[in-house]
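Let us read a structure together, one feature at a time, as a learner and a teacher might do at the same desk.

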Amino acid sequence: MPKRTDINSILVIGSGPIVIGQAAEFDYAGTQACIALKEEGYRVILVNSNPATIMTDTEIADAVYIEPLTLEFVSRIIRKERPDALVPTLGGQTGLNLAVELAKSGVLEECGVEILGTKLSAIEQAEDRDLFRTLMNDLNEPVPESEIIHNLEEAYKFVEVVGYPVIVRPAFTLGGTGGGICHDEEELIEIVTSGLKNSPVTQCLLEKSIAGFKEIEYEVMRDSNDNAIVVCNMENIDPVGVHTGDSIVVAPSMTLSDREYQLLRNTSLKIIRALGIEGGCNVQLALDPYSFNYYIIEVNPRVSRSSALASKATGYPIAKLAAKIAVGLTLDEMMNPVTGKTYACFEPALDYIVTKIPRWPFDKFESANRSLGTQMKATGEVMAIGRTFEESLLKAIRSLEANVFHLALNDADEIDNELLEKRIRKAGDERLFYIGEALRRGVTIETIHEWSQIDLFFLNKMARIITFEKALATVPFDAEMGRKAKEMGFADSVLAELWNATEIEVYNWRKEQNIIPVYKMVDTCAAEFESETPYFYGTYEDENESIVTDRKSVVVLGSGPIRIGQGIEFDYSTVHAVWAIREAGYEAIIINNNPETVSTDFSISDKLYFEPLTIEDVMHIIDLEKPEGVVVQFGGQTAINLASKLVERGVKILGTSLEDLDRAENRDKFEHALTNLNIPQPKGKTALSVEEAIEIATEIGYPVLVRPSYVLGGRAMEIVYKEEELLHYMKNAVKVNPEHPVLIDRYLTGKEIEVDAICDGETVVIPGIMEHIERAGVHSGDSIAVYPPQSISNVLREKLVDYTMKLAKGLGIVGLLNIQYVVAKEEVYVLEVNPRSSRTVPFLSKITNVPMAKIATKVILGQSLKQQGYESGLVPEKSGVYVKVPVFSFAKLRRVDITLGPEMKSTGEVMGKDSTLEKALYKGLVASGMKIPNFGTVLMTVADKDKEEALQLAQRFVSIGYRLMATSGTAQFLQDAGIPVKVVDKIGSEGPNLIDVIRNGEAQFILNTFSKGKQPARDGFRIRRESVENGIPCLTSLDTAEAILRVLESMNFSAEAMDKQVEKREAVLS
Amino acid sequence: MKKQLILEDGTVFVGEGFGSNSPSIGEVVFNTGMTGYQEILSDPSYCGQIVTLTYPLIGNYGINRDDFESITPAISGFIVKEAADFPSNWRSETSLDEYFKIKNIPGIAGIDTRKLTRIIRQYGTLKGAICNMEENVDSVIEKLRATHLRNDQVKQVSTKTPYPSPGRGNRVVLVDFGMKHGILRELNKRDCDVIVVPYNTTAEEILNLSPDGVMLSNGPGDPKDVPEAITMIQGLLGKVPLFGICLGHQLFALACGANTEKMKFGHRGSNHPVKDLTTGKVALTSQNHGYAVEPDSIVGTKLEVTHIALNDGTIEGLKHKDVPAFTVQYHPEASPGPEDANHLFERFLQMIESKKQEGAYTCQSVQI
């Protein structure tokens, strides 16, 4: 069927900020879809609140709106743009929910907007538990015994019938927010209550647990002519019970016979036909390991995380084809973009093994509950491809960048057998490695199977790795065993450890022995047809298919899995760098391992190597491709960390040199450089012992910022206000010794400023300066950033420009740099310089129309800024105000303290843009998910040090009609100042207390500032968690509260009574 | 034990032997299915062939009692990247290695099967040998080039004597050219009263069994090597509804005056899209054939092309314009592979029913 010609313009809804359960995969899907629709000649209107995406680049759609994804704002866009149609299935659950909301509000009908692709009725049938169960019953397809419940009483009734354990799945939520498995009444109360709160329709599904079944997924597509295909099937190594986003997944399925495969395939196709899906769809099934019995777990009638994985695992671009199906094209008339010769209506055949491992944020959140269940906790994932399962698994492990390179965990040998068993029985993020340890201790695979229910097939493979490892250790530098080890995916670092050698010795030895990998193509068809797709993976076999061309090439290192602190922004820059390299006439080669991203779409670069980002894997590609050089400054810390090893091996780093990178990152060298440039930084010293730390702190004066020198990204960084706190920190948070010094800096209370710039050695272009709402001390990634700065003088602005130019040139930057300053008492201090692409590059590039990553790449390739038409200095400021608001995923991470501090905690960001700061902030806050009611109650519990400042805020809240509640201390303070406040009892007191206020939704905002002590038992911690659990904004920084106040004040007309002028009147009368 | 795989183009692969230790020569072909190795190894259509599987992990779910497509495998060998040493599935009874030892089939593992597939794709199907390391490569290549592979595969795999597989429904005579059990299973599932007959049964002998329909099975090799079947089909045309699969389809085409040709490397796998020219819909099908009906040869015959392969446009389905007979090049019985085309068995039974109606009507009018 040819494409629709009765529609001209199409609205695409994106998925908004990156949160756990909804990440970069929707940038990949949305970008593909927008490009596909443009390709077909439609006018594409895109709305997405996330500035860090490729999707929101102005080239991707005809009109790009970076606006809040709410009914209010999207309706406005619809009324303005009058699109003919809307595609709802590309923006994840957010896009889908919003489309439903738009339809229900009547705006689509009002403006004559047609929903393309899968119809809303089908979406509701798939998403609404009740409708879905009815459909499954009609189709005679089994679903686990379940009951829709709306309150706790109904939950009790269900449990009385089926017994424990039961699974709780809240309706219409992302990544299973608020769900879980309940084994007893206590868990039932907790999880059901939170599930009901999280569900926008206050509805949960209670389901009989089928934990232990095999979890199998089918990625299916269907067109309007009823052609239906399976793109990929996947098997979760973790059986049912762990959210698929938190499971280790392999593709294709490995323990299913053809009969089982076809049984589930038939079911999946039957379901999408019954639903009338037009586009992509994900079907999750549970298969009994001991019979043909199966259950349908759920159906996602849209592109998803799994479809992104399936696309990368097979090469088949699901989102692109789903978009084309939406406009009427059918699978049998579209070509398979991979082969270019065959049609899209077929099922990819894999001739390799794909393994996906999630990347969890527990390195950042050490207090978090690390057990895995039905609520997703991972922020990102890695994928690896190999010709054996072992190779695929071990490659995926070393792609994680979690300081693991093998089926082994540091210090795992220290835990006792009992704990080991416990950690294997209860799935957690490190279970895989504990299994490795158990195997090393001689526990049989049968026993481990009994503990974990993981299929013996996978356990046997893991056991083979361990057995081989033991044999390997006895034969250092044996060529045959060495080759076999590499075929099994062992990393050089593991061989080095086993053979008591260095990694580079192993690498060099292998080259001598000619034990080097070949590269095979991912071609969707197992080599049946000739393909020219430049998508490769490495393996140890005979034939290499990656042909090196005569063209000069440049290698770009990607940023690996999405994690807190290194998000989608770095993929954005990577993609722009690749585009710029191609534009400059070089062959652009990218190495990355993240299946969710745009950068690993094979149509972006000239060559894509889907490989781990470790030195050996990168070097193999460089050995083969012999590029002009490697670009490391766009791939975040991942790529930067490889720079020194690359240089050691004679590889040329393009852009800022290794020496200069090191100067910016090494504290002593940096300090030296600053002194030379005459630029101030906060006083600080390095302490090698506890005593020394106290001495230094006393000398420079409290408060001080303390952090270990050996970790990056703000981990274990803290602000301490007095000596006893410092002692506590030194004893508990770090192990200080001469090898692991602790850095102690003066903590300056001031305004934090962030600047991004591009330098070619002579010219320094500063696209923009951003001011943070939260004062220094809150990680820049967690602060609200405002462009242009609203409260700094021209003198300061000039100083910032001057310092930035000096630093860029003085540090020898060629390419991008990011500087964080603090302004205290009209003096500017440098906090840190990052000699690389930063989190704010996409935000600034979009606002200022200065494509920073692209310009920087061209600089790196030798084209000066002048040649590109740029002059030194600050680019003239754009009109309007733009704010970047961080978005957190705290609801998904139990036991994590949400207090903002020097450690970054946010997972994503949104942009708010308007003519004034207040309007921009309003949009930003709403886009980040905050509800801003213009009346209500604020619950205040503030630390003593903040009380004075909080008083002002309290007053302002009262004057716009907000009521105040506070705990006794804070309340007393407010009352003394004459501010009306209702006293709320502290936690633990008899009768209704603070927790009840939160649970009953009596407060609309909670203002809680941090008091010392990181033990979760503290009341402050409980208040903050309760607010997250109950979806009430909890402000832990007075600055954020002030910003919200500004918004509220601008929204509210004042409510002041007329002055009575009583005295004057009396005077007149008398 | 190390073994070598030697191809007639001179390529040598070294791998690890499994299964039987005996040497083997055959036509080397590849199959792209990711599941279904047990069905593939027991599919009689692979008689005389050494099959390489493009999916690298083979034997994962073991060998079970149920999934055989014949009692005795006719395959000449298996080439894999990895033969699982530890199968895992509730139905698994033995490993690939043990089963191959029992059935005396040689296998070779540890091969870069993707490289091999690419060779076959470029060179076309070629002869190869699995042999011990002691064998001299040059002499094996010479021998391979000189060898004419047997062309009586149908005779080897067809049943020697007729046998019934009773049911209460329509009587279907199933001509066994190397029949997969799946075809019989599909007919029995529909309560057909099946009589399986050898490939060289004559039309008269078949008609004497009073069939309501005749099913022409799949089978190995070149259809032109079974001329007796062509004569038989010609004798049945118009007398009884016909349904043919794979080799049965090619024999039917030849019987109707069309021609067949050898394909470069054939279609073998579980993901072949076939377009139904009547409905415009695509079915994903299981295929295993090295020959195809020549499109130009249809001109002037009573045949109509009903299905084509979406990717290369080759003929995948035919029907006779005048008499009730249709055939497909692919495998509606699946096993292994997708069951999208399973409804063709219904179509066959509907054809039988309408033929019966027509017959009844004719009889009635005669009586009047």
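The dialogue below takes up domains, the contact between chains, and two positions from a database record.

Q: Before we begin, what kind of model is this?

A: This is a predicted model, and we should keep that in mind while reading each feature.

Q: Into which domains is chain B divided?

A: Chain B is divided into domain 1, covering residues 2-149, and domain 2, covering residues 154-357. The centres of these two domains of chain B, taken over C-alpha atoms, are separated by 27 Å.

Q: How many residues does each domain of chain B give to the contact between them?

A: Two residues are in contact if their C-beta atoms, placed from the backbone, lie within 7 Å. In chain B, the contact takes 23 residues from domain 1 and 23 residues from domain 2.

Q: Which elements give two or more residues to the side of domain 1 of chain B that touches domain 2 of chain B?

A: They are β3 (24-31), α1 (37-41) and α3 (113-123) of chain B, and β3(B) gives the most to this side, with three residues. By residue type, this side of domain 1 of chain B divides into nine nonpolar, ten polar and four charged residues.

Q: How many residues does the contact take from chain B and from chain A?

A: Here the contact takes 40 residues from chain B and 44 residues from chain A. On the side of chain B that touches chain A, at least two residues are supplied by each of α3, β15 (260-276) and β16 (282-293) of chain B, and α3(B) gives the most, with five residues. The residues of this side of chain B divide into 14 nonpolar, 13 polar and 13 charged.

Q: Which residues does UniProt list for "binding site"?

A: The unreviewed UniProt entry lists Glu298(A) and Asn300(A) under that name. Glu298(A) lies in strand β14 of chain A, which covers residues 294-300, and Asn300(A) is found in strand β14 of chain A.

Q: Is Asn300(A) buried or exposed?

A: A residue is buried if 20 or more other C-beta atoms lie within 10 Å of its own, exposed if 12 or fewer, and partly exposed in between. Asn300(A) has 23 other C-beta atoms within 10 Å, and therefore is buried, whereas Glu298(A) has 18 C-beta neighbours inside 10 Å, so Glu298(A) counts as partly exposed.

Q: Leaving aside its neighbours within four places in sequence, with which residues is Asn300(A) in contact?

A: With those sequence neighbours left aside, Asn300(A) is in contact with Cys281(A) and Asn282(A).

Methods:
Residues are numbered from 1 along each chain as its sequence is written. Chains are lettered from A and ligands numbered from 1 in the order in which they are written. This is a predicted model: local features need pLDDT of at least 70, side-chain atom pairs count only at pLDDT 80 or more; totals for chains, interfaces and linings use all residues. Domain bounds come from an automatic or database domain assignment. Helices (H or I, at least four residues) and strands (E, at least two) are DSSP runs, numbered from the N terminus. Ala, Val, Leu, Ile, Met, Phe, Trp, Tyr, Cys and Pro count as nonpolar, Asp, Glu, Lys and Arg as charged, and the others, Gly among them, as polar. UniProt positions are given in the numbering used here, feature names are shortened, and annotations may be inferred rather than shown by experiment.
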